Every structure is written in C-alpha cells, then in structure tokens.
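Please open the model in your viewer and show it as a cartoon, with side chains ready to be switched on. The tour below goes from one selection to the next and says what is to be found at each stop.

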Amino acid sequence: MHDVAIIGGGPAGLQAALTLGRMHRSAALIDSGVYRNAPTSAMHNIVTNDGRPPAAFRATAREEIASYPTITPVEGKVVSITGDLGAFALELENGDRIDAGRVILATGVADALPAIPGLADAFGDAVAHCPFCHGHEFAGGRVGIIGAGEHTPRLVAMLAPIAAETVILPGDEPVAPEVAGVLARLGAAIRSGRIAEIAQEGDGVAARFSDGSSERFAGMFTSTAWRQAAPFAADLGLAMSDGGAIVVDGFGRTSRAGVYAAGDIAQPPGLPMPLHAVAAAVASGQLAGAACVQDLVAEALGM
C-alpha cells in the first residue's frame, strides 16, 4: 500500500513525486510514456529550462527522483481506478495492481487539430497554439493564424509586439463582421480560401491553397480542441468545469476525497480555464503533493 499513486510522468506528475519523496512519503509514479508536449523539440517560458527538449527535462527529473527511495517508478498504463480514500486500487494494462491511499491525476490532455493535411507534422514547432510558449521564435517574421473565431483578435493583439505581420487564414469559413472589424483595426490581413496543405519549408512554414497558390510564414498558430487524455475524471465522478477540466481547490483537491488533480487537466479557482504551460504544471504538481502530505498529517492527528 502506497501513500499516493501518481498517474502521469509529465511535469506535474514528476514534481508531485519529488515533493512526496522529499517528505519520505511512499508513492508510485506511473508513466505511460505518452506526453502532450512530445511533438515539440523545445520547451519555452520555463526559467532555467528555456529551449530545453521535453525529453531531456523528463530524464533529469527522473534522475533526481531516483535518489528518493520512497518513490517507485512504474512504466505502464492505468486502465481503471476503484475504491475510495485510504483504499484505492489501480489496475494496469498488463494486469498488475497498485494500491494507494490517495491518487494524484496528472494524466494531461490530448489535442485535436483542424483536419488540414500536414498540420499535425508541423505542429509543435513551426505551428503552435500558445504565444507564450512559441511566439518569440517567430519574432520579426510574418505569422499566419488558422481560423477567425471570437478569440482571434486577442491572439493578434498578443502577437503585435512580436510579429512583423499577422495574416488570418479562415479557410472557407465566413469571418463575423464584428471580428473582421477588430482585425482590421489591429492591422491584420485576411487571406481567405481553403487550405489544402501545411508544409514546413526551411526555417518556416507554408500554407498551400486549393487554388494552387501558397503563402509562406515564419510560423503559424492554430487553436486545438483539447480533451482529457484519460477517462478517470468521468469514471470517478469528479466535478468538471464547462470547458472540460477537473475542478480543483487551490491545492489540487478534487470533489472526491483522496483524489487530486494537477497539470493541464485541472482548473484552479479564479481561472477561466487550466493554465496549459510547463511552469504551471510543475507548480500544480508541487501543490498536489503538498496537499497529500498535509491531509495525511491531518489524518494522523485525527483532525
């Protein structure tokens, strides 16, 4: 019986394991080997790790955690969670079982991209979805934005100090007049027409249109439709936000006793959505790990 089972070996889960290890609490760190930021070659906007490959970040974290003997690394995929506070049972795909008093969900989210040929191959570097994580890499260049929804003007305004020019690529979808008006005021151009293909070209990326023409950019942005990568929020009946995130308190506690959530899947109080960033995931993993320790202490004291 472990004090805690941590599901997910990304930044949130790794930090939770480190926090618990330093407090000599036993935890199983279960890593499926699937990570949201796997498509990108470098992380950004995380101090001391700006520009570092995600795989290198994870490798260093595992080395550090290995010095804490109460943490047990487990390679595998959890397929079910049953039980309650003090007696959770996790079944792995290979048939193994892990018992734990508490569970930290750090399972991350999965991105669904627009159905444009070549987009998935370029996503993560030449095509991004977060200007905090990748905007600087396109500095001084021409930047394309796929789609023209209600949030597009905000992205254009965020890129204003970075990009030399922004071009909106709505495809065949009409641009709402109110959105078009704001985009015009911000100086963004609109290039209509169905995108037939996205292709990386040298240090940039090109959008090729169905009429045979093409536009070249230093980089592009696209929105993603994200979802929970694992089914456990629904399986455990956790309270969810309208956007599909697990609702947590300031320390990562969910609506179910003994279950905590950290990283991209969790929405803290006061925020309209989860903060999809490595630094935020690390912070939430530390808070969830600390909450487990505090709750174990309260239990020992009969509080």
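Begin by selecting strand β13, residues 204–209, in this predicted model: 5 of its 6 residues are buried, so the strand is largely enclosed by the rest of the structure. Now add the strands on either side, and an open sheet of 3 strands appears in the order β12-β13-β14, with antiparallel pairing. Because β12 and β14 stand at the edges with a single partner strand each, one side of each is left without a neighbour in the sheet. Neighbouring strands of this sheet are turned against each other by 20° on average, if direction is ignored.

Follow the chain from β12 into β13 next. The two strands run antiparallel and are joined by 6 bridges, and in this pairing I195 stands opposite F209 of β13. Between β12 and β13 lies a hairpin with 2 residues between the strands, and G202 in the turn has a positive phi of about 60°.

Continue from β13 into β14, residues 214–217, where the pairing is again described as antiparallel and extends over 4 bridges. Here V205 stands opposite F217 in β14. The hairpin of β13 and β14 has 4 residues between the strands, and within this hairpin G212 takes a positive phi near 95°.

Go back to β12, residues 195–201, and select Q200, which lies in this strand. Is Q200 buried or partly exposed? Its relative accessibility is 47%, so it counts as partly exposed. Across the pairing, Q200 stands opposite V205 in β13. Once neighbours within four places in sequence are left aside, Q200 is in contact with D121, A122, A126 and V205.

From Q200, draw a distance to G219: the two residues are 19 apart in sequence, and their C-alpha atoms are 9.3 Å apart in space. G219 leads to the next strand, β15, where G219 and F221 point one way while M220 and T222 point the other way, and all of them are buried. The background to this arrangement is that side chains in a regular strand alternate between the two faces of the sheet.

With β15 still selected, bring in the strands around it. They form an open sheet of 5 strands, in the order β8-β15-β9-β10-β11, with parallel pairing. Its edge strands are β8 (127–128) and β11 (189–192), each of which pairs on one side only.

Which strands can be followed from β15 into this sheet? On one side, β8 and β15 pair in the parallel sense over 2 bridges, and the bridge partner of V127 in β15 is M220. On the other side, strand β9 (residues 142–146) pairs with β15 (residues 219–222), also in the parallel sense, over 4 bridges. In that pairing V143 has G219 as its bridge partner in β15, whereas I146 stands opposite T222.

Now select helix α5, residues 152–159, which packs on the sheet and touches β9, β10 (165–171) and β15, its direction making about 165° with that of β9. Show the side chains of T152, P153, L155, V156 and L159, which are the buried residues of α5. Looking down the axis of α5, you will find that these buried residues fall within an arc of 160°, so they line one face of the helix. What covers them includes α4 (131–134), β9, β10, α6 (177–186) and β15.

For the last stop, leave the sheets and select helix α1 (residues 11–22) together with helix α8 (residues 278–300). Their axes come within 7 Å and cross at roughly 35°, and the crossing is right-handed. On the α1 side the contact is made by P11, A12, Q15, A16, T19 and L20. On the α8 side it is made by V278, A281, V282, S284, G285, Q286, G289, A290, C292 and V293. Colouring this contact by residue class gives 10 nonpolar, 6 polar and no charged residues.

How values were computed:
Residues numbered from 1 in each chain as written. Predicted model: local features only at pLDDT ≥ 70, side-chain atom pairs only at ≥ 80, totals over all residues. Heavy atoms only, no water. Axes fitted to C-alpha atoms, helices over the stretch in contact; angles between N-to-C directions. Left-handed = near helix turned anticlockwise from the far one by under 90°. Contact = heavy atoms within 4.5 Å. Nonpolar A, V, L, I, M, F, W, Y, C, P; charged D, E, K, R; others polar. Pairing = 2+ DSSP bridges. Buried < 20%, exposed > 50% of the residue type's maximum accessible area, 1.4 Å probe, protein only. Arc of directions from axis to C-beta.
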